[in-house]
Amino acid sequence: MAMKSSSFQLLGDMYEQENIPTAQDQKKTHSRISRPLQNQKRSGHYSPSPCQGAQTIGRLGFPKSCRLRKRAEFTACYDHGRRYHTRQFLVFVRRRDEAATGARLGIAVSKKIGSAVVRNRVKRLVREVFRQNRSLITSDLDVVVVAKRKIDVPSLDVFVARDELIPIFRRLGRDFRPQSENV
């Protein structure tokens, strides 16, 4: 028992020493973290400029102001718009009545085309061609591009999509001149 009491006595001595001065380092920095931990979110809010052809052509984004997002916008193009055909796409175009700032794009790809990966690839290619050539469409239009069922997805790339859609975009620039020029 003498041994137990001595070990308890050592532990007790350790706990009784309350004010032990130690040299403490100033703020420790983590070697793996390069800057202090703080809110790492972006400092500013990105506000895209209105969809105006050549002004936004240098940007790599595709802001919401340049997209058709509601079902009613798509059906208005289908019901009241003008149709253009290419080998792999069907393009519906409708002039917008409201005060707008450039052309907007909607893309429809049926599940009959293929899996989600294939459908997203087609949408990505069409979106990129539209984004790069938005300046060819000079008036405020809603454009819906529908992939045909017989689309050749394995051979479809940006160049093929561009070769099919650019002539349509140029034609839209001629057919739908801005209303101020028609007077």
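Start by selecting Asp175: at a relative accessible area of 31%, this residue is partly exposed (buried means under 20% relative accessible area, exposed over 50%, partly exposed in between, with a 1.4 Å probe and protein chains only). You're looking at a predicted model, where local features need pLDDT of at least 70, side-chain atom pairs count only at pLDDT 80 or more, and totals for chains, interfaces and linings use all residues. Residues are numbered from 1 along each chain as its sequence is written, and side-chain values use heavy atoms, with hydrogens and water left out.

Now add Arg82 to the selection. Its side chain meets that of Asp175 in a salt bridge, 3.6 Å from N to O (the cut-off: a side-chain nitrogen of Lys or Arg within 4 Å of a carboxyl oxygen of Asp or Glu). Asp175 sits in helix α5 and Arg82 in strand β1 (residues 82–85), so this link spans distant parts of the chain, 93 residues apart (helices are DSSP runs of H or I with at least four residues, strands are runs of E with at least two, numbered from the N terminus). Arg82 is partly exposed too, at 37%.

Next, pick Arg87 and Glu164. Their closest N and O atoms are 3.8 Å apart, giving another salt bridge. Arg87 lies in the loop between β1 and β2 while Glu164 belongs to helix α5, so the pair ties together parts 77 residues apart in sequence. Which of these two is buried? Glu164 is, at 12% relative accessibility, whereas Arg87 is exposed at 55%.

Move on to Asp142 and Arg94, a salt bridge with 4.0 Å between the closest N and O atoms. Asp142 is in strand β4 and Arg94 in strand β2, so parts 48 residues apart in sequence get tied together here. Asp142 is buried, with a relative accessible area of just 2%; Arg94 is partly exposed at 22%. Keep both selected and add Glu73, Arg96 and Arg104: salt bridges that share partners join the five into one network. Across the whole structure, a search finds eight salt bridges.

Last stop: helix α4, residues 116–132. Its 17 residues reach 24 Å from first C-alpha to last, close to the 24 Å expected (1.5 Å times one less than the number of residues). Colour the buried ones: Arg119, Val122, Leu125, Val126, Val129, Phe130 and Arg131. Then show what covers them, including β2 (89–95), β3 (104–108), β4 (141–147) and α5 (158–175).

Conventions. Contact = heavy atoms within 4.5 Å.
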